[in-house]
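This briefing concerns the domains of a single protein chain and the contacts between them. Please consult the sequence and the structure shown below while reading the points that follow.

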Amino acid sequence: MDLLDEGPVPEHAREAKAEARAFAEAEIEPVAAEQYAAGEYPWDVLEAAMDADLVAADLPEELGGRGFDIEQILAIGEEFFRADAGIGLTLMLASFGCELVEQYGTEEQHEQYLRPVAQNDQLSGLAVSEPETGSDLAGMTTSAEKDGDEWVLNGEKYWVGNAVEADWLTVYAKTGDRDDRYGNYSLFIVETDSEGYEAEHIPEKMGMRASKQGHIVFDDCRVPEENLVGTEGGGFYALADFFNHGRVVVGGHGLGLAAAAIEEAEAFVHEREGFGRNINEFQAVQHILADMQTEFQAARTLNWRAARQVKEHDNPGYWAAMAKTKSTETAVDVAERSMQLHGGRSIFADRRIARVYRDVRIPVIYEGANEIQRNLIYRQTPR
Ligand SMILES: Cc1cc2nc3c(=O)[nH]c(=O)nc-3n(C[C@H](O)[C@H](O)[C@H](O)COP(=O)(O)OP(=O)(O)OC[C@H]3O[C@@H](n4cnc5c(N)ncnc54)[C@H](O)[C@@H]3O)c2cc1C
């Protein structure tokens, strides 16, 4: 059974998928349980993925990347997350925030900041969420004020992937106080060794433990004016557009996790005996497996459709939000059912299903909690 088959994957993305699968089998699966237990940044796996040319692969070829499109990145995401979500997140977020600089930044910014990430010499990150809110993008309070030829940042960011490990971040900050609250935000490139930038890891997590997020404090952190990305006041809209891309890929996180949960369920029930037979012979168990398959295939079909819609800029917000919601909730649902089918053994901490069960709690939250996705789906439904 190959749940992540090539069926819905367009021809041009199949090579990337094959590379990601080979890498995941050789380099992620063997260390997944150990990395989960350690809860440390998986530097060795990241370096191996860089050697395999699977990190920052969406950055343009002329800068040293591979110019992968959304479908190629989705194909990689499914495979990485099937092998391990924590490691998968680390590999996929090594260039987080770069897409915004690529789309809205200047040529100088591309050379100075994107090229080193594309060439795997540096790591980046995207700092949007704050301790007091992650959902309300127009309610964030970290500010950037112009002072001569510099911007001065003050405030806090929370949950930021690579806040400690990255060389620079794309930071979302408030630059105005207009009545139109969506026009008050801008994006900045901030080097993490700047004065006034302090970051520490957030407390230990129960899921995706091989990924690291940080709490950042900006205390009169000065950045040169040329580090503004795009136009002043354009940050909210840039981010909203960027998230359509990200949400399709996060749907892939859910699909990879869901595939892992189903694989574990199938393997377990075909081996476990009870009442003189294998438990897969009970029709009640067969129906659970049938429902898991149906939900998974529905989610995956939707997710790949959404990838195409986003690529073609055809009502992307609606499709991306639906794909993210359906795929990540399918992962929660099938992980729960798979746990039940494992009986008492489900809760052994070192079991893959127990790891998956904890990891699935996260994609329903990040890249916008699913309640926010539902708001977007309703608002963008073609009527
Ligand atoms: C592992 C991990 C990695 C992350 N990586 C990053 C990163 O790299 N960069 C970054 O900037 N952020 C990152 N985040 C943050 C993530 O985007 C936020 O956690 C998410 O947007 C939700 O924000 P919050 O946690 O502050 O929840 P809140 O905004 O406080 O919301 C809490 C809950 O309230 C409900 N809710 C809130 N608003 C509404 C509404 N309008 N309608 C209905 N219900 C609502 C939802 O149930 C929601 O889950 C990461 C988070 C995690 C867990």
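In this predicted model, 31 residues of domain 1 are in contact with 23 residues of domain 2. The two belong to an assignment that divides the protein chain into domain 1 (11-119), domain 2 (124-233) and domain 3 (237-380). Taken over C-alpha atoms, the centres of domain 1 and domain 2 are separated by 22 Å.

**Interface of domain 1 and domain 2**

- About 2,100 Å² is buried between domain 1 and domain 2, and 61% of this area lies on carbon and sulfur atoms.
- Four helices each give two or more residues to the side of domain 1 that touches domain 2, namely helix H2 (32-38), helix H5 (85-92), helix H6 (98-104) and helix H7 (107-118).
- By class, that side of domain 1 has 20 nonpolar, nine polar and two charged residues.
- The rule finds zero salt bridges across the interface of domain 1 and domain 2.
- Polar contacts, by comparison, are present across this interface: 18 residue pairs, both residues at pLDDT 80 or more, satisfy the rule.

**Annotated spans and their secondary structure**

- UniProt, in an unreviewed entry, lists "domain: Acyl-CoA dehydrogenase/oxidase N-terminal" for residues 11-120. Over residues 11-120 the chain is 65% helix and 0% strand, with the end C-alpha atoms 27 Å apart.
- The unreviewed UniProt entry also places "domain: Acyl-CoA oxidase/dehydrogenase middle" at residues 126-221. This span, residues 126-221, is 0% helix and 49% strand, and its end C-alpha atoms lie 17 Å apart.
- For residues 233-380, the annotation in the unreviewed UniProt entry is "domain: Acyl-CoA dehydrogenase/oxidase C-terminal". The chain over residues 233-380 is 74% helix and 3% strand, and 23 Å separate the end C-alpha atoms.

**Salt bridges**

- Side chains of opposite charge can pair when their charged atoms come close.
- A search of the whole structure finds 28 salt bridges.
- One salt bridge is formed by Asp-5 with Arg-300, where the closest N and O atoms are 2.8 Å apart.
- This pair joins distant parts of the chain, with the two positions 295 residues apart in numbering. Asp-5 belongs to the segment before helix H1 (14-28), whereas Arg-300 is in helix H9 (residues 283-311).

Definitions and conventions. Residues numbered from 1 in each chain as written. Predicted model: local features only at pLDDT ≥ 70, side-chain atom pairs only at ≥ 80, totals over all residues. Heavy atoms only, no water. Domains from an automatic or database assignment. Contact = heavy atoms within 4.5 Å. Buried area = accessible area lost by both parts, 1.4 Å probe. Salt bridge = Lys/Arg side-chain N within 4 Å of Asp/Glu carboxyl O. Polar contact = N/O pair within 3.5 Å; in protein donor to acceptor, adjacent residues only side chain to side chain. Nonpolar A, V, L, I, M, F, W, Y, C, P; charged D, E, K, R; others polar. UniProt positions renumbered as here; feature names shortened; annotations may be inferred.
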